[in-house]
Amino acid sequence: MKMKTPSFRGSLRLVLSSEEQKHAIYAFDVLGDMALIEIPRVLQKKGIQIGRILLQTNPRLRKVFEKVGSHEGKYRIEKIKWLAGEKSSEVLYKENGCVFHVDPSKVFFNPRLGTERLRVIQKIKKNQKVVVFFGGVGIYAIEIAKHAFPQKVITIEWNPAAQKFVERNMVQNKVNYLVQSISGNVKKIKPIPEFDHVIMHAPEQALECLPAAVKWLSPKGGVIHCYLFVSAQNREKEAQEKIRAILDKKNFSGGYSLAYIHKVSDFSSQKVQVCVGIKVR
């Protein structure tokens, strides 16, 4: 009879006092064969031990890293620290039938948005052209190329460390003939006004780059998928106000309308992330 692997929670409780258990965090993110976990300040001295227990109770994992800071800085990089297992922070991540080389210590990456990415991809029609702002390791662009049958996809990212990952991932998923990667600031790159969709999935920067996104759309118009943070209590009203505060200043000859406002995730008890579909005519 096959023995059942003990749970992380149960095993951790065996080495923590009743007081320490009150502070323990049992949830963790999985990125490929890596676990990313938060260690409360009061348990820092047992961080390595916690990492080893997590590794022992999850046979599919090969490395454990601690989250030591939120996504911050110019490139929204997450600070992480090795705790147990392999010391390399690079992983192979699978999502929606695609495979990606990722290093969260060098490039922004969020493994929790697979379903959200698929939702937006399903709005793209065959032979349409798509440009992705803040493209990271190319996950959005590559999944679009694999599933939406577009005519052309461009992914733009200003973190120079991302470029080698994008190129490897395009080859890995056999879409390098269809996806073009551009390294640079979207506000400084000369736009190519021929696209049907612009995806802006960085809620911290998307609003300030909204005028630039409009310039990438085809003269016939298109849809901008703009991510942003709003209050949990008045998310639709606040999202409309933030979009209009920027676009109403531009006096577009064709005008625009909000096609949808979709809640993506809870950022905190007071703040949520939404994606707004802006149809520009």
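Which residues does Ser218 touch, not counting residues up to four places away in sequence? In this predicted model, local features need pLDDT of at least 70 and side-chain atom pairs count only at pLDDT 80 or more, whereas totals for chains, interfaces and linings use all residues. Residues are numbered from 1 along each chain as its sequence is written, and side-chain values use heavy atoms, with hydrogens and water left out.

Outside that sequence window, Ser218 touches Pro193, Glu194 and Phe195, a contact being heavy atoms within 4.5 Å. The residue is found in the loop between helix H7 (210-214) and strand E11 (222-231); helices (H or I, at least four residues) and strands (E, at least two) are DSSP runs numbered from the N terminus. Ser218 has a relative accessibility of 15% and therefore counts as buried, the classes being buried under 20% relative accessible area, exposed over 50% and partly exposed in between, with a 1.4 Å probe and protein chains only.

An open sheet of four strands has the order E1-E2-E3-E4 and mixed pairing, where two strands pair if DSSP finds at least two bridges between them. Strand E1 (29-31) and strand E4 (80-85) are the edge strands, each pairing on one side only. From one strand to the next, the twist averages 30°. Within this sheet, strand E2 (residues 34-37) and strand E3 (residues 63-67) pair in the parallel sense over four bridges, and Ile37 has Glu66 in E3 as its bridge partner. Helix H3 (residues 47-56) lies across E2, E3 and E4 and runs at about 55° to E4. For such values, axes are lines fitted to C-alpha atoms, for helices over the stretch in contact, and angles run from 0 to 180 degrees between N-to-C directions.

A further open sheet, of seven strands, follows the order E9-E8-E7-E10-E11-E13-E12, again with mixed pairing. Its edges are E9 and E12, each with a single partner strand, so one side of each is left without a neighbour in the sheet. Neighbouring strands of this sheet are turned by 20° against each other on average, direction ignored. E7 and E8 run parallel and are joined by four bridges; Val132 has Thr155 in E8 as its bridge partner. Helix H5 packs on the sheet, touching E7, E8, E9, strand E10 (197-200) and E11, and its direction makes about 160° with that of E7. Helix H8 (residues 235-247) lies across E11, E12 and strand E13 (271-280), running at about 125° to E11.

The largest nonpolar core has 39 residues, and those with the most contacts inside it are Val102, Tyr140, Ile144 and Ile199. A nonpolar core is a set of buried Ala, Val, Leu, Ile, Met, Phe, Trp, Tyr and Cys residues joined through side-chain atoms within 4.5 Å. Elements that each supply at least two residues of this core include strand E5 (91-95), strand E6 (98-102), helix H4 (114-121) and helix H6 (162-172). H5 provides the largest share, six residues. Apart from this core lies another, of 34 residues, among them Val198, Leu210, Ala212 and Val214.

With neighbours within four places in sequence left aside, the contacts of Ile144 include Ile121, Val132, Phe149 and Ile199. Val130 lies in strand E7 and is buried, with a relative accessible area of 0%. Under the same exclusion of neighbours within four places, Val130 is in contact with residues including Ile144, Lys152, Phe195 and His197. Val130 and Ala145 are 15 residues apart in sequence and 9.4 Å apart in space, C-alpha to C-alpha.

In H6, the buried residues are Ala162, Gln163, Phe165, Val166, Asn169 and Met170. They cover an arc of only 160° around the axis, which puts them on the same side of H6; the arc is that of the directions from the helix axis to the C-beta atoms. These buried residues pack against E6, H5, strand E8 (152-157) and strand E9 (179-183). Just after H6, Lys174 takes a positive phi of about 60°.

The structure holds zero disulfides, a disulfide being a pair of cysteine sulfur atoms within 2.5 Å. For Cys209, the nearest cysteine sulfur is that of Cys226, 9.3 Å away. Cys209 is buried, with a relative accessible area of 3%. The sulfur of Cys275 is 7.5 Å from its closest cysteine sulfur, in Cys226, which is too far for a bond; Cys275 is likewise buried, at a relative accessible area of 0%.
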